[in-house]
Amino acid sequence: MICPICKKPAAPAYRPFCSRRCADVDLGKWLAGSYAVPADSPNDLDEAARALSELPPKPH
């Protein structure tokens, strides 16, 4: 397996990354919103919001 950040071989302790640094870089990209699933239309967001609102509440 190759690290998706730097393309070096992955280390078992940090799989799929090669190091903690690359794992942290990936986490930073997630937190910054760099990763996103593209929507085909603005209606996709409305459909997703509607589906979420129809879910039963989680027990506490």
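In which helix does Asp26 lie? Asp26 lies in helix α1, and I shall return to that residue once the setting is clear.

Before that, the basis of the work. The model is a predicted one, in which local features need pLDDT of at least 70 and side-chain atom pairs count only at pLDDT 80 or more, while totals for chains, interfaces and linings use all residues. Residues are numbered from 1 along each chain as its sequence is written, and side-chain values use heavy atoms, with hydrogens and water left out.

I begin with the segment before α1. Helices here are DSSP runs of H or I with at least four residues, and strands are runs of E with at least two, numbered from the N terminus. Met1 belongs to the segment before α1. For accessibility, buried means under 20% relative accessible area, exposed means over 50%, and partly exposed lies in between, with a 1.4 Å probe and protein chains only. Met1 counts as exposed because its relative accessibility is 59%. Contact, in what follows, means heavy atoms within 4.5 Å. Setting aside residues up to four places away in sequence, Met1 touches Lys8, Pro9, Ala10, Arg15 and Pro16. Between the C-alpha atoms of Met1 and Ala13, which are twelve residues apart in sequence, the distance is 13 Å.

Two backbone features of this segment deserve attention. Lys7, located before α1, has a phi near 75 degrees, a positive value in a residue other than glycine. Lys7 also counts as exposed, because its relative accessibility is 58%. The second feature is a cis peptide bond between Arg15 and Pro16, with omega at about 10 degrees. Pro16 is placed in the segment before α1, the helix of residues 20-32.

I turn now to the cysteines. Which residues does UniProt list for "binding site"? The unreviewed UniProt entry lists Cys3, Cys6, Cys18 and Cys22. These residues are spread over 20 residues of sequence yet cluster in space, the largest C-alpha distance being 8.1 Å. I should add that UniProt positions are given in the numbering used here, that feature names are shortened, and that annotations may be inferred rather than shown by experiment.

Two of these cysteines can be described further. Cys3 is found in the segment before α1, and Cys3 counts as buried because its relative accessibility is 1%. Apart from residues up to four places away in sequence, Cys3 touches Lys8, Ala10, Pro16, Phe17, Cys18 and Cys22. Cys22 is placed in helix α1 and is buried, since its relative accessible area is 2%. With the same sequence neighbours left out, the contacts of Cys22 are Cys3, Ile5, Cys6 and Phe17.

Next, helix α1 itself. The expected span of a helix is 1.5 Å times one less than its number of residues. The 13 residues of α1 should therefore span 18 Å, and the end C-alpha atoms are indeed 18 Å apart, which agrees. Just after α1, Gly33 takes a positive phi of about 85 degrees.

This brings me to charge pairing. Side chains of opposite charge can pair when their charged atoms come close. A salt bridge here is a side-chain nitrogen of Lys or Arg within 4 Å of a carboxyl oxygen of Asp or Glu. How many salt bridges does a search of the whole structure find? The search finds one, and in it the side chains of Asp24 and Arg20 meet at 3.9 Å, N to O. Both residues lie in helix α1, four residues apart, about one turn of the helix. Asp24 is partly exposed, because its relative accessible area is 41%, whereas Arg20 is exposed at 56%.

And so back to Asp26. Is Asp26 buried or exposed? Asp26 is buried yet has no salt bridge, the nearest side chain of opposite charge being Lys29, 6.3 Å away. Lys and Arg count as positive and Asp and Glu as negative, while His and the chain ends are not counted. The side chain of Asp26 does make a polar contact with the side chain of Tyr35, at 2.7 Å. A polar contact is a pair of N or O atoms within 3.5 Å; within protein, one must be able to donate a hydrogen and the other to accept it, and residues adjacent in sequence count only if both atoms are side-chain atoms. Beyond its neighbours within four places in sequence, Asp26 is in contact with Ile5, Phe17 and Tyr35.

Finally, the C-terminal part. Ser53 is placed in helix α2, and its side chain reaches the backbone oxygen of Arg50 at 2.7 Å. Pro56 lies in the segment after α2, the helix of residues 42-53. The C-alpha atoms of Pro56 and Val25 are separated by 35 Å.
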